[in-house]
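Let's take a walk through a protein chain together. Have the structure open, and we'll go from the broad layout to a few details.

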Amino acid sequence: MKRQLYTEDHEAFRAVVRTFLEKEVLPHYEQWEKDGIVSREAWLAAGRQGLLGLAVEEEHGGGGNPDFRYASVLAEEFTKAAAPGLAIGLHNDIIGPYLTKLATDEQRRRWLPGFCSGEIVTAIAMTEPGAGSDLQGIRTTAEDHGDHWILNGSKTFISNGILADLVIVVAKTTPEGGAHGLSLLVVERGMEGFERGRNLDKIGQKSQDTAELFFKDVRVPKENLLGELNGAFVHLMTNLAQERLAIAVAGIAGAEHLLELTTRYVKEREAFGRPLAKLQHVRFEIAEMATECAVTRTFVDRCIAEHADPTGLGLDPVNASMAKWWATELQKRVADRCLQLHGGYGYMSEFPVARAFTDGRIQTIYGGTTEIMKEIIGRSLLG
């Protein structure tokens, strides 16, 4: 089926993204994987190319275009290029809305130009050693000291944790408030008491720096409160639909790309004197995956269209949860089946299917696990 989602302008943008990947990312990617981190120059190059802050107002250096379809193009092309290390989607689609929707005029002037130029790399620090999806388990605290907060605690699994110049930290500002006693505080590079731990050694996405963060009596100015005091829970819930949709977009794009690679492989690879593609089992595997991808693509594209529609209410959080868990679980299944069809070669790191197998495994975990997605959907239906 021909996709109806994109216009000529979106496809022109796709060409720009592909050129950027070919020139600024892929030639350096193996080195980044070895280093466990991408270069700052790549972020600056993305800023120069206009890939950062797509939805940020032009007066602050952004693209001034809130159409989520452009973000979807970025996600699709970075996924097909097997280059998740340069976490532009995290920067644009997950952290960007917090700054564009919640920041004061003064905060916007202070942070958004660097956000769009690549001079300010961002992260959001929610997960803790003892608290993941359960916000009520957060132990990081911020005590009110008049004109500033004193922040204490630790976070883990923070994407962009090493490179980040600006970290949105979820902290408890009213101890007795539970999930409704949390606030968003912006911690900036160089604040005394803000320390970074290890660049964590993951099984995949090696070039995407993921770190532990520590806060010991960090003095955070009151001017760095983002959004409403004790309003973090509502703010987080408001932005989760887009975050989960962005992950779903990458999920289906990853599955489709793996299917394309594997289809070519089984046509070329011979066993028992004929191509693998001549074996009925292989044809059935390809047929099943192609059908699952086609059905999933249709639903995800509909979700993207709803979210991008300026006349509508945006994507329903339940549909976002459906898209997220289904597309990422499909990506996981397809990666496993495609690796199997590659045989021993699929287990070799130099084959794209091997990297996709490990890089994509996190998809069903971050942004809310599959189990949490099902709980959200179940509650909406059953109360």
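What follows is a tour of the record's domains, then the cores, one helix, two loop residues and some charged pairs.

One thing to keep in mind from the start: this is a predicted model. Let's begin with what the UniProt record says. Its unreviewed entry puts a feature called "domain: Acyl-CoA dehydrogenase/oxidase N-terminal" at residues 7–119. In the model, that span is 66% helix and 0% strand, and its end C-alpha atoms are 31 Å apart. Further along, the unreviewed entry also lists "domain: Acyl-CoA dehydrogenase/oxidase C-terminal", covering residues 236–382. Here the span comes out at 74% helix and 3% strand, with 23 Å between its end C-alpha atoms.

Now for the inside. In soluble globular proteins, nonpolar side chains tend to be buried together. In this model the largest nonpolar core has 61 residues, and the members that touch the most others are Phe78 and Leu86. Seven helices each put in at least two residues: α1, α2, α3, α4 (68–80), α7 (232–268), α8 (280–308) and α9 (317–342). The biggest giver is α7, with 11 residues. And where does this core lie? Domain 1 (6–119) and domain 3 (231–380) both contribute residues, so the core sits between them.

Zoom in on leucine 86 for a moment. Setting aside neighbours within four places in sequence, leucine 86 is in contact with Phe20, Val25, Val38, Ala42, Trp43 and Phe78. There is also a second, separate core of 27 residues, and Tyr98, Ala103, Ile124 and Ile168 are among its members.

Two of leucine 86's contacts, Ala42 and Trp43, lead us to helix α3. This helix runs over residues 40–48, and its buried residues are Ala42, Trp43, Ala45, Ala46 and Gly47. What covers them? The cover includes α1 (8–25), α2 (29–35), α5 (88–102) and α6 (105–117). After α3 comes glycine 50, which has a positive phi, near 80 degrees.

Glycine 50 has a positive phi, but the next two residues to look at are not glycines. Alanine 82 has a positive phi too, near 55 degrees. You'll find alanine 82 in the loop between α4 and α5, where it is partly exposed at a relative accessible area of 30%. Phenylalanine 272 is the other case, with phi near 60 degrees. Phenylalanine 272 belongs to the loop between β9 (270–271) and β10 (274–275). Is phenylalanine 272 buried or exposed? With a relative accessible area of 83%, phenylalanine 272 is exposed.

Let's finish with the charged side chains. Side chains of opposite charge can pair when their charged atoms come close. The model holds 32 salt bridges. A good place to start is aspartate 165, whose side chain forms a salt bridge with that of arginine 40, at 2.8 Å from N to O. These partners are 125 residues apart and link distant parts of the chain: arginine 40 is in helix α3, while aspartate 165 is in the loop between β3 (148–159) and β4 (166–172). Aspartate 165 counts as buried because its relative accessible area is 14%, under the 20% cut-off. Arginine 40, at 30%, is partly exposed.

Aspartate 165 has another partner as well: its side chain meets that of arginine 189 in a salt bridge, again given as 2.8 Å from N to O. Arginine 189 sits in the loop between β5 (182–188) and β6 (194–199), and is 24 residues from aspartate 165. The relative accessibility of arginine 189 is 41%, which makes it partly exposed.

Over between two helices, glutamate 292 and arginine 333 form a salt bridge of 3.9 Å, N to O. Glutamate 292 is in helix α8 and arginine 333 in helix α9, 41 residues apart. Both are partly exposed, glutamate 292 with a relative accessible area of 25% and arginine 333 with 29%. Finally, there is a network to trace by eye: salt bridges with shared partners join Arg3, Glu11, Arg14, Arg18, Glu76, Glu77, Lys80, Glu256, Arg297 and Asp301.

Notes. Residues numbered from 1 in each chain as written. Predicted model: local features only at pLDDT ≥ 70, side-chain atom pairs only at ≥ 80, totals over all residues. Heavy atoms only, no water. UniProt positions renumbered as here; feature names shortened; annotations may be inferred. Helix = DSSP H or I, 4+ residues; strand = E, 2+ residues; numbered from the N terminus. Buried < 20%, exposed > 50% of the residue type's maximum accessible area, 1.4 Å probe, protein only. Contact = heavy atoms within 4.5 Å. Core = buried A, V, L, I, M, F, W, Y, C linked by side-chain atoms within 4.5 Å. Domains from an automatic or database assignment. Salt bridge = Lys/Arg side-chain N within 4 Å of Asp/Glu carboxyl O.
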